[in-house]
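Welcome to my notebook. I keep these entries short, and you can follow along with the chain open beside you.

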Amino acid sequence: MSTIKTPYRYDFVGSFLRPQALKDAKASFQARKISEAEFDKVVNDEITKVVAKQKELGYHVITDGEFRRSFWHLDFMWGFEVVEHEATGNGVPFNDELAVLDDTYLVGKIKAKPHPFVEYFKFLKQFEDENTVAKYTIPAPAQTFQQMIVPANFETTRKFYPTNDELIEDIGKAYQDVIKQFYDAGCRNLQLDDCTWGAIVGDAAKLRYKSLGIDIEEVKDQLLKVNNLALEGKPDDMIINSHICRGNYHSTYFTSGAYDTVADHVFARENVNALFLEYDDERSGGFEPLAKVSEDKKVVLGLITTKTPALEDKEAVIARIKEAAKYVPLDRLCLSPQCGFASCEIGNKLTEDEQWAKLKLVKEIAEEVWGK
């Protein structure tokens, strides 16, 4: 078993653009032109190729690119008991377009079962070697909690959970179970992807919650509570990190705002090993909130954008790393893109070659700042 721990000095969030062969195979499978076994073979072949590419670029962390998913978060939720979904054409309005997502909702009290993502991890783990470690990405417990209490789901969820505290308790326990499943499968590096904190930053979010009659401070307490509950009892030798972003769908975003208003919660008190933070443009605000990061955490600066193909200026990125080091010591900092390249299978608006060029730049900058 690899002993490499995440995050690495040069790292990435996890998802990659779906290759054309994978897109074609999925379309053929959905049209019933190929069997499930034939489709699975294509998926496995494309994951094998994308892992080889990560190694070729010199990365020490490998993922399956999230190639088995349609959505970065919902597919995982479907792996719990009593979570149902339906493609209705509904979605969430992002900056420039509607992110079309399956309606995902409860039909009973949530609990864990043998999770298919654990089997997906086992396939990835075979590619570990002395130079690489496999990490797996799943949505944060707070993401599942929020999914079940959005306005479209609120009344349905209340049939099974009269209070948010009861829902939080069951989600926390279900995640504890799945985290143990990952651990037993040999996973020592897990990443919780979390848009909930990014969705409540800024004045617009505060006004939105106020208009709904919801206390945003209570929301912060609940997000922290469910995330930390899920992490209770995790093995000491298992690294669990969190990635926080403001939405990433087809190169669009969901919200804007600095981390100031959530730093006292997630930066200071969430019990993860490291924070992957979106910092690729002015929507993320300044580095000052990093002063609230507890001393036991590392910070991965997401200074390279996955939303556009243009390569960042190397010296400008290095200057920003030095600026961030005023608040978190340089030896606790790392570098990555701000998010994945394809949070949903539609992917962002750049080519595979442009995607790999971004990762080459991340590695070059990191080696210049921290050494090889």
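Is Glu-66 buried or exposed? I looked this up first, keeping in mind that the model is predicted. Glu-66 has a relative accessibility of 4%, so with the cut-off for buried set at under 20%, Glu-66 counts as buried.

**Entry: backbone angles**

I stayed with Glu-66 and placed it in the loop between strand E1 (61-62) and helix H3 (74-77). Its phi is near 60°, which is a positive value in a residue other than glycine. Most residues other than glycine have a negative phi, and most peptide bonds are trans.

I noted Arg-32 for a similar entry: phi is near 65°, again positive in a residue that is not glycine. Arg-32 sits in the loop between H1 and H2. With a relative accessible area of 78%, Arg-32 is exposed.

Then I checked the peptide bonds and wrote down the one between Thr-6 and Pro-7, which is cis, with omega about 0°. I found Pro-7 in the segment before H1.

**Entry: empty space**

Rolling a probe the size of a water molecule over the atoms shows where empty space is left. I counted one cavity of 30 Å³ or more. The largest cavity has a volume of about 40 Å³. Glu-66 turns up again here, since I read it in the lining along with Gly-14, Thr-63, Asp-64, Gly-65, Arg-69, Leu-124, Lys-135, Tyr-136 and Thr-137. I sorted that lining into two nonpolar, four polar and four charged residues.

Next I turned to the second largest pocket, with a volume of about 770 Å³. It is lined by 25 residues, and the closest to its centre are Lys-26, Phe-39, Arg-68, Ser-70 and Asp-75. Helix H1 (20-30), helix H2 (36-56) and helix H4 (116-125) are the elements that each give two or more residues to this lining. H1 supplies the largest share, six residues. By type, I wrote down 10 nonpolar, four polar and 11 charged residues for this pocket lining.

**Entry: helix H10**

How many residues of H10 are buried? I got 12 of its 16, so the helix is mostly covered. Among the buried ones are Ile-216, Val-219, Lys-220, Leu-223 and Asn-227. H10 covers residues 216-231 and reaches 23 Å from its first C-alpha to its last, close to the 22 Å expected at 1.5 Å a residue.

I looked at both ends too. Asp-215 caps the N-terminal end, with a side-chain oxygen 3.0 Å from the backbone nitrogen of Glu-217. After H10 comes Gly-233, with a positive phi near 80°.

**Entry: two buried residues**

Which residues does Thr-144 contact, leaving aside its neighbours within four places in sequence? I listed Met-77, Ile-110, Ile-171 and Tyr-175. With Tyr-175, the side chain of Thr-144 also makes a side-chain polar contact, at 2.8 Å. Thr-144 belongs to helix H5 (residues 141-149) and counts as buried at 0% relative accessibility.

My last lookup was Leu-290, in the loop between strand E10 (274-278) and strand E11 (298-304). Leu-290 is buried, at a relative accessible area of 0%. Not counting residues up to four places away in sequence, Leu-290 touches Phe-267, Leu-277, Tyr-279, Val-299, Leu-301, Ala-324, Tyr-327 and Val-328. I also noted that the C-alpha atoms of Leu-290 and Tyr-259 are separated by 8.5 Å, though these residues are 31 apart along the chain.

Terms used: Residues numbered from 1 in each chain as written. Predicted model: local features only at pLDDT ≥ 70, side-chain atom pairs only at ≥ 80, totals over all residues. Heavy atoms only, no water. Helix = DSSP H or I, 4+ residues; strand = E, 2+ residues; numbered from the N terminus. Buried < 20%, exposed > 50% of the residue type's maximum accessible area, 1.4 Å probe, protein only. Polar contact = N/O pair within 3.5 Å; in protein donor to acceptor, adjacent residues only side chain to side chain. Contact = heavy atoms within 4.5 Å. 1 Å grid on protein atoms, 1.4 Å probe; cavity = no way out; pocket = protein on both sides within 12 Å on 5 of 7 lines; lining within 4 Å. Points joined across faces, edges and corners; volume = space filled by probe spheres on them. Nonpolar A, V, L, I, M, F, W, Y, C, P; charged D, E, K, R; others polar. Expected span 1.5 Å × (residues − 1).
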